Each structure stands twice: as structure tokens, then as C-alpha cells.
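Work through the exercises below with the structure open beside you. Try each task before reading its solution.

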Amino acid sequence: MRTSPRSPSDLGTGLGKEPLSQPRRVGSSSYISNSTPPRSGGLSHRPSPSPREDPESPAGSHTSSGPVSEIGSEIVVQSGDMELDGPGLEDSDMGSSTTSLHAEYTGAPPAPSTTSSHLQTGHRSLESPLSHVSDQSELSSIPPSVSSKATTPVDSEAIRELVIPRPRNLSPASPPASPQPTPRRAFDIKPRSSIPAGMDDVTYATQCLRAAEHSRLDPYSLHEGEYRLLRQHITQAQVTTYLQIRNGILRLWYSNVRRPVTREAAVGCAAHARWFDMASVCFDWLLRHAYINYGCVEFPPAPTISTENPCNRKRKTIVVIGAGMAGLGCARQMDALAKQYSDQLAERGELPPKIVVLEGRRRIGGRVYSREFQTKPETPLPGYDGQRHTAEMGGMIITGFERGNPVNVLVRGQLGLPFRVLKSDTTLYDSNGRPVEPLRDDRVEKLYNDCLDRVSEFKFKTQPSKLIRGNLQLIQTGREITSDGTRTISEQEEALAALPHAPSVSEQNVPERVNRVPVSSDKLTGRVHTEPGTPATSKASTRASQFGWTLKNSVHEDSTVDLSQAASNPDATLGSVLDDAIVQYRSLVDLAALDHRLLNWHIANLEYSNATNLYKLSLGGWDIDAGYEWDGKHTMVVGGYQAVPRGLAECPTPLDLKTKSPVRNIKYATGDSPAPCIVECEDGTAVEADIVVSTIPLGVLKQGSVGFDPPLPEWKQGAIERIGFGVLNKVILVYKEPFWDTSRHIFGVLRDAPNKHSLIQSEYASRRGRFFQWFNVSKMTGLPCLVALMAGNAGFDTEHESNDSLIEEATVLLRKIFGRSVPYPVEAVVTRWASDRFARGSYSSSGPGMHIDDYDAMARPVGNLYFAGEHTCGTHPATVHGAYLSGLRAASEVWDALLGPIDVPTPLKRPKESRPNMTSKMWRAAGPEERKPYEDKAGQLKTEHARLQEEFEEKLAKWDEECAILRAQYEKEHSLTSDSLSQTPDKGRRGGGSSSPHKNKHRKTSRPIDYAESSDDPDL
Ligand SMILES: Cc1cc2nc3c(=O)[nH]c(=O)nc-3n(C[C@H](O)[C@H](O)[C@H](O)COP(=O)(O)OP(=O)(O)OC[C@H]3O[C@@H](n4cnc5c(N)ncnc54)[C@H](O)[C@@H]3O)c2cc1C
């Protein structure tokens, strides 16, 4: 039963038809609107009348029915206008309708070509400075020693790409791959035309390196996809040339992310005409895989390609289900690809495909939902004019802009949205409201990290992918290779594999596997930071002493924590083994109830980042995405994160988007069958499509409310079942005035076990996540506003607890900390994501029985049905950027299906142009006898050249090897020892596993990723 009727403010702006939606000024007399929690499968809840259903209630003044009634008539309580269970949907128009976003958000009819104010912001922003994309406004300001940390998610992406079968079931009339090799393109440009004249090589190379690092690619190595594309076409030496061109193209993109890089401009990054084809292939690869020209890019009008009557040309239809970040990202990317490949489509007799997005809700953004507050400030905060006042119901934090986060390009580079840096300085308050002594907190946190470190011994072991590297020095200095080499990479690999006892092709060029161990936790996101190292190298007793704990009298200095038995239990989870670690630690040191509260606060933080209880997390895979974090400070968009999906939907031109179109069945085709897909909506309408991309959230897939015909194969269904999908909820409170320290962005609260003084670890699980973390988001919302997190069990409990009791609990807790004068909020919003029929939870996590490749299986297409969504992105699951990346990946797969693989001209290096001259004429006129001595001499020289070349390559390989050994030796001699590191506050012990000469050679290994810690930062 839906008892919280949707208000018009559901539509995003708070403008609507009902009187309740009138903006409430902070401080003005107000009203209460109590919404009863939804009824959802088996969850009990306390019904209470909805004010809008209660004819007895005076307008704008409804009294909450609940045991606690100090909550007075001044509070607006919303349960979030989510698509909750129950018959409440009757107030939504379930008919399929094409809705202009303008109308959707403002309730006004769409203006012909304008967009909503946010989108105007987006357009306006297209004028803002490009330097926003990077903290470094001058690319050239980066020294040549710029870190070469590989940001390419090489490992699992590689695995995924290798297993994705190429879709085969498009219409036979238009086979996916072009049967004819594409003739070489002619380029009417000069070599180096895209390299700034007068810029010295090192400056140019440095800018290129930095651009590659911003593009989630390793500037010094081929991505696995590039390797597969090029291995039969280029030599090892030419890898350097390719990377120089590729990094140069990325530099062009990063110098203006609002304009597309054209093929000609990309080809102009080649230093010689003989590399034009290589540059063109590189352009295709970057374009198709969304390393360039993605997001809200303005394209010039497409030239008229063909005189053929377009009416005779075929037009495919692609349906994207879901208008969240994944769906909108995918549709926008396909729209961009359609514009850029219109000529190739025309050559195939096709019009650009029709791309339709079907969204079940009345709004877009999915789990990025910035819900307009009804409260408005009496006087706008300085610098807040014109922004909306919104509650971030779902995705909220951008976890670092640097080193490849594609949201950077959208937010800063293209939409120019205002944002603020989040500071992680925090105070932890004990359950009695008193601040916890920092030293105590530090000691417990170290013990907690050590427990996680020991648990990480049982993590899945992933296989690194190939690492084909170019010449580091040449890439850094922008110098050219002196010799091309003779054998292609594949010839070289195969030749080596043919030798006795040599590694097979797949084993060659594979770097050593790098373990990652937890070093610290991020207070803002709950994520555990990891670094390369070896788990649990020191005895627990030694570690405890180092952390400042006093060992119990009976404890021997060799005593340690042994988790092998707990881990060998077939039902072992992260929670069960971590509990065992804490229990074992208790036999070494005295843990008081306060220590347990602290430990469990950290555990709640981890439950927050996984949106589930620790006992529902895989022991092997709980941090499967470790090592893929972005760098940089965490931020929040001012006025609402939803401006990003809106930008994607509208900029530069509106997508074909139908809201209020919940899909109930997807008929798709497998094998070579040409049958089209049929997407059936709940209102009975059906859309026929050649390709469907489903971004339906995992929670909805698990519930089975959307049918698939034929049923999804077992490998897909298995992954759906095994990957976890839990709940994180929020209680968002708006006040008349702040009573908290407004200079801080977060504070934490420790929670008691039901038995207040309990020393039993498992007893803390039920309550530790209740209001455990608070965000002060006043500057981002323009109102005095706190957001409390409900994580772990508390997340699930929120689904069936009354708003009154939640607000009461929050108020009691805040009064303990800030004093008895803390008032009730003037407005409150409670999320219930598990009851939301279009989400069924918050985000994915590694379920207990998860297989290492389950995220990849989620991503893999089945016939002409493709998949995207955060749950399909193993490198960045559970995030907004992961959802976006998954949409880009799906777009790329669809494009491969439409156009076939990228054509690589053979030979890739263009032969030198030869012009007939007098000498060649005379040569042709000469007889065989006259030519013979010259030919013999040429033969000898060729043989000698080949011999020298081989000798040189052998020497080069040897030097490289010696250099690597020397470097490893140097690193070993100059690295910090584990003991010295352990004394470094907050950094924990590191340094294990650095023995390999190859491992992380170009990664920053010494600095833990440390978001916004030191910042007294400017909110930018
Ligand atoms: C409480 C909470 C806090 C979060 N905090 C953060 C954070 O701070 N930072 C961060 O990076 N990420 C955060 N996330 C995660 C992030 O919001 C998600 O990972 C991301 O938004 C998911 O995007 P998506 O496109 O995969 O799915 P969605 O956004 O859910 O999009 C799927 C779309 O499909 C639609 N749909 C579903 N079923 C149907 C159907 N049958 N027919 C038609 N349409 C359908 C849905 O309505 C939805 O619009 C948070 C999420 C939650 C819930």
C-alpha cells in the first residue's frame, strides 16, 4: 500500500498542482505530512494515514500518528517520492508517453528548443573554461617525471573482452563485418599538423602523457584491446610510435572536451605520413571505446554523404531500457557514434539507427535522484542563487575527478556544474554524545585495518593481463624510434613460444600478479584503500604492540591471529571471518565496550560502501574493484547530481526518451537468428528493435518482475543470483538553523549493542549502521541540512520503520551530541530504496557465493540483448561513474555489432611513396646481367641489416632486463621497511610484494590514496 502520495514535487522542481507543494520558507509556519512506510513483501510496518488522504486534517497541518509525538506539526516528512510498492502507483500515468524533460521537471509545456534551467546551465557551461577538466590548468606544467601510474583497468577488462562473444544475430541483410577490406583512406593533411608548431618535444610529450593518464589508459602500454587489434600489424618497436600518436590524440581531446576530435586532427598527430593509417586506426579504437568524443559533445552538422534516396536506406532501431546513468550514457554515446560513423553506415546502405530510451519512472536519473525540498531558505546563501535545493536520495559523492573518472569530463569539462569539495576531517561521537579521544580511535582503526589485512589473504587471485610497453624514455621525451623492427608482436610471441621450455603466447608479457592489502578506510565513502603488498606478514601480537595496545600478561610475543579455520568454512563470509579475527584479537589485548563500538563503527562504514551486511559479502571478492579508484578529492555537485543525467539526456540535443514506460517483457534472439527484439511495456505497447540494451538494476532482475524470452541462460542467471544487491538508506533532515560545526562535512556516531556493555562482537551487528555517519550538506543544498546514513542491517530496517520513529531516534541522538535545544527538523526525507519498484535496493556488492568473473558475465550480451548498469562494471561497481562506464562499454559493443570490427589496413605502415625518376627508368631499361651485381650487393646488405637488427634487439632486451633488475634492487634497498612503515600514522605496513622488477614499475606505490585529507580547501 502506498500511503505517501506522490507530490508534484516528485517531478523535480517542487512546482506542482497541490497546495502542499508550495515552497516552505525556513522559519515560516509549516505543516506535517507523515508518510507511512510502504508495505513490501513480508515486511511489517505501522500504517498511518497519509495527510493528503485524510479529509479531516486541515490543509498543511497533519498530525503524525505514532507513539512519539513530540514531532510536531512543523515538520514535513517525505518518504521520498520513490516508486514504492503497493497500489500507490495509481496516481501515475502508466501509459507510454513521450515526455519532454522540460515538461517533466517544470510541469510546463516544452518550449521548442530550450531546455530546463539546469540544462541551460549545461549549455551555458559550455562556455566555461576548459581548465576545469583538470586541476592543472596548464598541461605543460607537468614535469616529464609525471607519474605513469597505469589507470587502465587492465586485468578484468581484459578478461571480459576476451570472453565477450561477438554478436551474430543482426539482420542477415546487413552482416556485422564488412566483407571487403576497406580501402586506405586518403588524408589531405600534413604530418604533425596537430602538434603545436614551436612546442618543444618534451613539453608536448608531457602533455600527451598527462592526457593519457586522465583517460584511464596507461601512457606507456597498450590496452589489452589495442594489443589484440594491433598484434599482427605492428612490431614491438612500433608500439612506441603508436603510443605517441595515441597519447597525442588524447591530448587533443583533453584540450577541449566539448568539441570532438576529428579523424583528420587525429591523423595529424602522426609525425610522418607513413603512420597516417596507424593514427586513423588508433582514432577508431579510441572513439569506439569512448576514450575520446564521449559525453555531451557538440558535433558539427553531418555532411551529406550520399545522393541515394535516404528513404530506400534501412534504419535499425536500438532500444535502451532505463534512463539512469548507464542507459543515458549508452544512448548518448550511440547517438554520438551514429553521427561520427554516418558515412560508413551510408556506405552500407543504412541510415543512422533510431535510438529510443524507455524509462519506467516519471523522471530520469534512476538512482541519481536530487529531490527538490519543499523548504526554501528565507535568504539565499551567498553564491547559491539559481541552484535548486535538493536532497540527494541516491548517488551523491563524486569519488575523485583525477586519473580517468569520466564524470570529470561531464561535470567539469562539459556541463560546467558547480561542485564543492568534501572534507573528511571528522569527529566520532560515542553513544553518550561525547567525542571519542582521537588516540583511542586511531589505535582501534589500526587494529581494524590489520584484521582486514589478514582477511585479505583469502581474496580471489586475479590474473593480470598482457602488458606490452613502449619505450619509456622516447615516450617521455617525444623522440622518435630509430628502427621499426622486423617482426610483428604476434610473430615475435609465436617465435618465442616455439622454443623449447618457452612460455606460451598467452603467458608472455604478463606482469607478475600484484596483491593488494587494505591500508586505511575512507570516511566519506566507506571504501577501503588498498596498496600493493603481502597480507598479514607480521604476528598479530607484534602489530598490536606497534599500534599502542598493551598485550595481555599471558600472551607470548609470537602469538598471532590465524583465520584459516574460519576461512575454510564453506559458508564463510567477510563478516564471519572478520568477527573471528576480532574475537582472536580479544585473546591478545583487552577490548572494552568502547573499542567494540569503535570497531563496529568502521565495520558499519564498510557496510555503507557495500550497501549490505558484512555477513552477505564474499570473503574472496568483497573488494574485487580494489586498485581502480580515481585520485583526487571527493566532491558533490551543488544543486543536485541529477543535473548530470539531465545533461546527458538533453545536451547537445534531446534524446528520444519515453518516461512512464515500465517494461515487463523482453523478447530477444540468440544465435544466428535474425529475429528482432520485442520490448513489451506494462501498458501493453510494444516496441520492435534490432538491438536492446538493458540497464535494468540488478535488484529488479533478481526479483524477476521483467520477463525474458527466451529465459536468460544459466550463466547469466547464475551471476544475477550470486552478485549481491543490498540497501543503503538515508534520513535527510532540514533545519531552520544549523546547530552543528558548519566547517565540517561529516561526523560519526558510535552505536551501542542492544546490551550496552556487550563484549560479544556479533551483538553489534544489528545496530551499528543506524545513523552512524552524518553529512553536513548545507553548502551543497543551500539549506541547513544533515544527511544520516542507515547502513548494514539498519538499511534494511529503514524500509519498514515509521518516519516518526526514525526522526525521533535521530533527534535523541543529535541532542546527546549538540545539547537538549536541538529542534525537530522542519523537513525530513526518508529513502526506502528496497521498496522502490524500479531499483529494489541501492547497489550491488560481492555476494557470498560470487564467482570471480560474475560481473563480467553480467556485462556479456546474449544474442541481440546487451547489458549495462553499475552491476555490470566489475572495476567500478556500485557507483555513478561505474554505471556510466558500463553504458559506454555497451555502446561500444553495439557499435561493433553494427559496423563489425575496426578495419586495419595491411600493411599498417604505409609504404614510402615512390616517384618514377630517371634512375628508375634506367634501372627498368637495364638487362638482367647489368643488374645482377647490384642485386647481389643489395641482398648482402639486407642480410647484414637484418642480422644487425636482430643483434640490436637482443641487446636491447638484455639491457631492459638488466635495467629492471637494477631498478628492483634499488627499490629494495631504498624502500621503507615494514616496521618503519608501521610507525607511520595512518599508512599501516606496506612494502611487501615489491620484489618484482616489473611490478608497478610506473605506479605510485608509496602514497596511499588520501582524499581531501589535508585540505582546508577552498570549496573550489
Ligand atoms: C542511497 C544510495 C547512495 C549512493 N551513493 C553513491 C555515491 O555517493 N557515489 C556514487 O558514485 N554512487 C552512489 N550510489 C550508486 C549509484 O547511484 C548507482 O550505482 C548508479 O546511479 C546506478 O546507475 P544505473 O544506470 O546502473 O542504474 P539506475 O540509476 O537505477 O538506472 C536504471 C533505470 O532503469 C529504470 N528501470 C528499472 N526497471 C525498469 C523497467 N522495468 N522498465 C523501464 N525502466 C526500468 C529505473 O527506473 C532507472 O531509471 C548510491 C546509490 C544509492 C541508492
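Four exercises follow, on a predicted model.

**Exercise 1. The ligand and its surroundings**

Task: Find which residues come nearest to the ligand, and describe the residues around the ligand by class.

Solution:
- Step 1. There are 36 residues around the ligand, and those that come nearest are Glu359, Arg367, Ile397, Val663 and Val880.
- Step 2. Sorted by class, the shell holds 20 nonpolar, twelve polar and four charged residues.
- Step 3. Turn to the secondary structure: helix H9 (325-340) and helix H26 (880-899) each contribute at least two residues to the shell around the ligand.

**Exercise 2. Polar contacts of the ligand**

Task: State which atoms of Arg361, Val663 and Glu870 lie close enough to the ligand for a polar contact, using the cut-off of 3.5 Å between N or O atoms.

Solution:
- Step 1. In Arg361, an N or O atom of the side chain is 2.9 Å from an oxygen atom of the ligand.
- Step 2. In Val663, a polar backbone atom is 2.8 Å from a nitrogen atom of the ligand.
- Step 3. In Glu870, a backbone N or O atom lies 2.9 Å from an oxygen atom of the ligand.
- Step 4. For the ligand as a whole, the exposed area is 1000 Å² when the ligand is taken alone, and the protein buries 97% of that area.

**Exercise 3. Ser370**

Task: Decide whether Ser370 is buried or exposed, and find which side chain makes a polar contact with the side chain of Ser370.

Solution:
- Step 1. Locate Ser370 in strand S6, which covers residues 370-372.
- Step 2. Buried means under 20% relative accessible area. Ser370 has a relative accessible area of 0%, so Ser370 is buried.
- Step 3. The side chain of Ser370 is in polar contact with the side chain of Glu392, at 2.8 Å.
- Step 4. A polar atom of the Ser370 side chain also lies 3.1 Å from the backbone nitrogen of Tyr641.

**Exercise 4. A helix inside and a patch outside**

Task: Explain why helix H19 is described as largely enclosed, and name the residues that form a nonpolar patch on the surface.

Solution:
- Step 1. Helix H19 spans residues 643-650, and eight of its eight residues are buried; therefore the helix is largely enclosed by the rest of the structure.
- Step 2. Its buried residues include Ala643, Arg646 and Glu650.
- Step 3. On the surface, Phe952, Leu956 and Trp959 form a nonpolar patch with about 290 Å² of accessible area together.
- Step 4. Leu956 belongs to helix H28 (residues 928-974). With a relative accessible area of 33%, Leu956 is partly exposed.

How values were computed
Residues are numbered from 1 along each chain as its sequence is written. This is a predicted model: local features need pLDDT of at least 70, side-chain atom pairs count only at pLDDT 80 or more; totals for chains, interfaces and linings use all residues. Side-chain values use heavy atoms; hydrogens and water are left out. A residue is near a molecule or strand if one of its heavy atoms lies within 4 Å of it. A polar contact is a pair of N or O atoms within 3.5 Å; within protein, one must be able to donate a hydrogen and the other to accept it, and residues adjacent in sequence count only if both atoms are side-chain atoms. Accessible areas come from the Shrake-Rupley method with a 1.4 Å probe; for residues, only the protein chains shown count as cover. Helices (H or I, at least four residues) and strands (E, at least two) are DSSP runs, numbered from the N terminus. Ala, Val, Leu, Ile, Met, Phe, Trp, Tyr, Cys and Pro count as nonpolar, Asp, Glu, Lys and Arg as charged, and the others, Gly among them, as polar. Patches are made of residues with over 30% relative accessible area and no salt bridge: like charges are joined within 9 Å, nonpolar side chains (Val, Leu, Ile, Met, Phe, Trp, Tyr) within 5 Å. A salt bridge is a side-chain nitrogen of Lys or Arg within 4 Å of a carboxyl oxygen of Asp or Glu. Buried means under 20% relative accessible area, exposed over 50%, partly exposed in between (1.4 Å probe, protein chains only).
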